[in-house]
Amino acid sequence: MKIALLSRNKKLYSTRRLIEAAEEKGHTIQVIDVLRAYMNITSHKPSIHYKGEELNDFDAVIPRIGASVTFYGAAVLRQFEMMGVFPLNESVALTRSRDKLRSLQLLSRRGIGLPVTVYASKPDDVKDMVKMVGGAPLVVKILEGTQGIGVVLAETQKAAESIIEGFMGVNANILVQEYIKESKGADIRCFVVGGKVVASMKRQGPKGEFRSNIHRGGTATTIRITPEERSTAVRAAKIMGLNVAGVDLLRSNHGPVVMEVNSSPGLEGIESSTGKDIAGMIIDYIEKNSKFGKTRTRGKG
């Protein structure tokens with residue numbers, strides 16, 4: 001097979017592992033920096049060009065698109081779909097999962113467990129907004145934040161009101177969420193491939209840190225998840241339309257709650273903590289499912 005890997009950095013662990021896994025299985029894989037690709041979008045024969053050459057004859061495309069380049073990256077991925085190339089994750093699913101507000105609304109509609117979450121633009125009563133999530137402590141998140149950046153824990157009512165008003169004062173789009181204190185600064189990353197949880201790890205934040213992101217100094221260890229947690233992760237990925245996803249859960253007193261569904265989950269933490277060949281599983285999935293023109297949206301969405 002000939003596979004396109006959309007990544008801006010060949011040296012990243014996840015990119016390197018996918019290259020290794022594909023080549024070990026006898027495939028040709030080309031890394032493409034999405035920002036350097038350009039497209040003919042009006043032709044009857046849609047095309048993508050890269051460094052002066054037309055990209056063609058690809059069987060599958062793996063999007064590893066950073067949050068900061070989601071808009072353009074999704075356009076490049078959509079162009080591959082229009083050319084009939086099989087996407088590991090479709091452009092519509094990618095953009096859906098990157099919109100935190102839309103994601104939560106879709107998950108809520110389907111009955112997935114979530115922390116109590118409030119979204120507002122210019123509320124007349126911030127105190128009522130705080131009351132809706134059960135009061136302080138609570139979590140304030142910038143919608144566009146990633147890797148724990150733009151996530152603040154407000155431990156008192158006064159701090160919560162000040163933080164919310166401060167963010168709104170600079171026109172930041174924010175979510176205010178219930179703080180799940182029983183999770184004790186830990187979450188569970190469930191790695192879903194093809195409708196199955198193939199690996200899971202517990203991420204624990206450092207002492208005094210409520211964020212468990214590995215990029216924030218958190219540690220990862222393997223963990224056995226419950227049937228309910230497994231089912232929740234699989235359903236969440238399916239609702240987003242993602243074939244490959246990292247579903248982040250918290251263990252609350254009322255069962256597992258989903259914090260986020262990641263469309264480009266990193267491989268380093270999950271492979272290091274579990275010892276599993278996740279990159280190989282992803283390539284196996286592509287081998288079994290790749291078919292010309294096999295996208296739900298046919299690139300129209």
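This passage describes helix packing, an aromatic pair, backbone geometry and two buried residues in a predicted model.

Three helix pairs are considered, beginning with helix H2, which spans residues 70-82, and helix H3, which spans residues 91-98. The two pack at an angle of about 160°, and their axes lie 9 Å apart. Because angles over 145 degrees count as roughly antiparallel, H2 is assigned a roughly antiparallel orientation with respect to H3. The crossing in which H2 passes H3 is left-handed. On the side of H2 the contact is formed by Thr70, Ala74, Leu77, Arg78 and Glu81, and on the side of H3 by Ser91, Leu94, Thr95 and Arg98. In terms of residue class, this contact of H2 with H3 is divided into 3 nonpolar, 3 polar and 3 charged residues.

Helix H3 also packs against helix H4, which comprises residues 100-109, and here the angle is about 100° with the axes 5 Å apart. The orientation of H3 and H4 is therefore roughly perpendicular. Arg96, Ser97 and Arg98 of H3 take part in this contact, together with Lys100, Arg102, Ser103 and Leu106 of H4. The class composition of the contact of H3 with H4 is 1 nonpolar, 2 polar and 4 charged residues. Arg98 of H3 is thus listed in the contact with H2 and is also listed in the contact with H4.

A further packing arrangement involves helix H1 (residues 13-24) and helix H9 (residues 278-289), whose axes are 8 Å apart and enclose an angle of about 55°. H1 and H9 are therefore classed as oblique to each other, and H1 passes H9 in a right-handed crossing. The residues that meet are Arg17, Leu18, Ala21 and Ala22 in H1 and Ala279, Gly280, Ile282 and Ile283 in H9. Of the residues in this contact of H1 with H9, 6 are nonpolar, 1 is polar and 1 is charged.

The structure contains 1 aromatic pair. The pair is formed by phenylalanine 58 and phenylalanine 80, whose ring centres are 6.0 Å apart and whose planes stand at 90°, so that the arrangement is edge-to-face. Distant parts of the chain are linked by this pair, since phenylalanine 58 lies in the loop between strand S5 (53-55) and strand S6 (60-63), whereas phenylalanine 80 belongs to helix H2, with the two positions 22 residues apart in sequence numbering. Phenylalanine 58 counts as buried, at 8% relative accessibility, and phenylalanine 80 likewise counts as buried, at 0%.

Several loop positions carry backbone geometry that merits description. Most residues other than glycine have a negative phi, and most peptide bonds are trans. Lysine 51, in the loop between strand S4 (47-50) and S5, has a positive phi near 55°. With a relative accessible area of 54%, lysine 51 is exposed. A positive phi, near 60°, is also found for asparagine 171, which is placed in the loop between helix H6 (157-169) and strand S11 (174-178). Asparagine 171 counts as exposed at 59% relative accessibility. In addition, alanine 136 and proline 137 are joined by a cis peptide bond with omega of about 0°, and proline 137 is located in the loop between helix H5 (126-132) and strand S9 (138-142).

Two buried residues illustrate contacts between positions separated in sequence. Asparagine 243 is situated in the loop between helix H7 (227-240) and strand S15 (244-252), and at 14% relative accessibility counts as buried. The C-alpha atoms of asparagine 243 and asparagine 89 are 5.8 Å apart in space, although the two residues are 154 residues apart in sequence. When residues up to four places away in sequence are not counted, asparagine 243 touches Pro87, Leu88, Asn89, Val192, Val193, Gly194, Gly195 and Tyr285.

Isoleucine 270, in contrast to the loop residue just described, is found in helix H8, which covers residues 268-274. At 0% relative accessibility, this isoleucine 270 counts as buried. Isoleucine 270 and serine 200 are separated by 70 residues in sequence, with a C-alpha to C-alpha distance of 7.0 Å. Outside the residues up to four places away in sequence, isoleucine 270 touches Arg189, Phe191, Ala199, Ser200, Met201, Gly275 and Ile278.

Methods:
Residues numbered from 1 in each chain as written. Predicted model: local features only at pLDDT ≥ 70, side-chain atom pairs only at ≥ 80, totals over all residues. Heavy atoms only, no water. Axes fitted to C-alpha atoms, helices over the stretch in contact; angles between N-to-C directions. Helix = DSSP H or I, 4+ residues; strand = E, 2+ residues; numbered from the N terminus. Parallel < 35°, antiparallel > 145°, perpendicular 65-115°, else oblique. Left-handed = near helix turned anticlockwise from the far one by under 90°. Contact = heavy atoms within 4.5 Å. Nonpolar A, V, L, I, M, F, W, Y, C, P; charged D, E, K, R; others polar. Phe/Tyr/Trp six-rings, centres within 6.5 Å; stacked < 30°, edge-to-face > 60°. Buried < 20%, exposed > 50% of the residue type's maximum accessible area, 1.4 Å probe, protein only.
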